[in-house]
Amino acid sequence: MPKVSVTIITKNEATDIAAALESAGWADEIVVVDSGSSDGTPEIARRYTSRVVQREWPGYIAQKNYAASIASHDWILSVDADERVTPELAREIRDTIASRA
């Protein structure tokens with residue numbers, strides 16, 4: 001079955017990032033691109049993934065595209081730090097991918 005990457009871009013998201021990353025734990029890979037947080041966001045993210053990259057803020061679209069460009073897998077779900085992937089959504093994504101494999 002094809003693998004899934006979840007990407008999250010951040011800056012000072014310490015209050016939200018852990019819950020977002022926990023909700024993405026079903027993914028094969030999680031990539032976080034941080035724009036110079038000063039509140040511990042990268043340290044929190046590293047508890048969930050080793051793929052934490054620091055990059056200056058080039059703009060919303062450019063940062064989202066960069067995160068996608070460094071993801072390892074063809075299937076990519078982009079999530080904001082204040083969003084959560086419900087178990088139902090994760091299951092639907094997996095089922096959809098499996099049906100196309």
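## Threonine 7 and its contacts

Threonine 7 touches eight residues beyond its close sequence neighbours: Val31, Ala67, Ala68, Ala71, Ile76, Leu77, Ser78 and Val79. The model described here is a predicted one. Threonine 7 sits in strand β1, which covers residues 4-10.

Is threonine 7 buried or exposed? Its relative accessible area is 1%. That is under the 20% cut-off, so threonine 7 counts as buried. Arginine 46 lies 39 residues away from threonine 7 in sequence. In space, the two C-alpha atoms are 14 Å apart.

## The chain as a whole

Four helices and four strands make up the elements of the chain. How are these elements ordered from the N terminus? They run β-α-β-α-β-α-β-α. The radius of gyration is 13 Å, and the globule rule gives 13 Å for 101 residues. The chain is therefore as compact as a globular protein of that length. Along its principal axes, the C-alpha trace spans about 40 × 25 × 20 Å.

Of the 101 residues, 41% are buried. Contacts can also be sorted by distance along the sequence. Among those between residues at least 6 apart, 64% join residues at least 24 apart.

## Surface and charge

The chain exposes about 5,600 Å². Carbon and sulfur atoms supply 48% of that area.

The chain carries 11 positive and 16 negative charges. How far apart are the mean positions of the two sets? The separation is 4 Å.

## The largest nonpolar core

The largest nonpolar core holds 20 residues. Which of them touch the most other members? They are Val6, Ile8, Ile17, Leu21, Trp26 and Val32. The elements that give two or more residues to this core are β1, α1 (17-23), β2 (29-34), α2 (41-46) and α4.

Isoleucine 17 is one of those well-connected members. Setting aside residues within four places in sequence, isoleucine 17 is in contact with Ile8, Thr10, Thr41, Ile44 and Ala81. Ile8 is also on the list of core residues that touch the most other members.

## Valine 4 and arginine 94

Valine 4 belongs to strand β1. With a relative accessible area of 2%, valine 4 falls under the 20% limit and so is buried. Beyond its close sequence neighbours, valine 4 contacts Trp26, Ala27, Asp28, Glu29, His73, Trp75, Ile93, Arg94 and Ile97. Aspartate 74 is 70 residues from valine 4 in sequence. Their C-alpha atoms are 7.1 Å apart in space.

Arginine 94 is in helix α4, which spans residues 87-100. Why does arginine 94 count as buried? Its relative accessibility is 17%, and buried means under 20%, so arginine 94 qualifies. Outside its own stretch of sequence, arginine 94 touches Met1, Pro2, Val4, Trp26, Ala27 and Asp28. Valine 4 has Trp26, Ala27 and Asp28 among its contacts too.

## The loop between β1 and α1

Asparagine 12 is found in the loop between β1 and α1. Its relative accessible area is 34%. That value lies between the 20% and 50% limits, so asparagine 12 is partly exposed. Its phi is near 50°. This is a positive value in a residue other than glycine. Most residues other than glycine have a negative phi.

Alanine 14 is placed in the loop between β1 and α1 as well. Alanine 14 has a relative accessible area of 23%, so this residue is partly exposed. Which residues does alanine 14 touch, not counting those up to four places away in sequence? They are Asp39, Thr41 and Ile44. Thr41 and Ile44 are also among the contacts of isoleucine 17. Alanine 45 is 31 residues from alanine 14 in sequence. Between their C-alpha atoms the distance is 8.8 Å.

## The segment after α4

Alanine 101 is located in the segment after α4. Is alanine 101 buried or exposed? Its relative accessibility is 70%, over the 50% limit, so alanine 101 counts as exposed. Lysine 64 is 37 residues away from alanine 101 along the chain. The C-alpha atoms of alanine 101 and lysine 64 are separated by 26 Å.

Definitions and conventions:
Residues are numbered from 1 along each chain as its sequence is written. This is a predicted model: local features need pLDDT of at least 70, side-chain atom pairs count only at pLDDT 80 or more; totals for chains, interfaces and linings use all residues. Side-chain values use heavy atoms; hydrogens and water are left out. Buried means under 20% relative accessible area, exposed over 50%, partly exposed in between (1.4 Å probe, protein chains only). Contact means heavy atoms within 4.5 Å. The radius of gyration is taken over C-alpha atoms; the globule rule is 2.2 Å times the number of residues to the power 0.38. Accessible areas come from the Shrake-Rupley method with a 1.4 Å probe; for residues, only the protein chains shown count as cover. Lys and Arg count as positive and Asp and Glu as negative; His and the chain ends are not counted. The place of a charge is taken as NZ of Lys, CZ of Arg, CG of Asp or CD of Glu. A nonpolar core is a set of buried Ala, Val, Leu, Ile, Met, Phe, Trp, Tyr and Cys residues joined through side-chain atoms within 4.5 Å.
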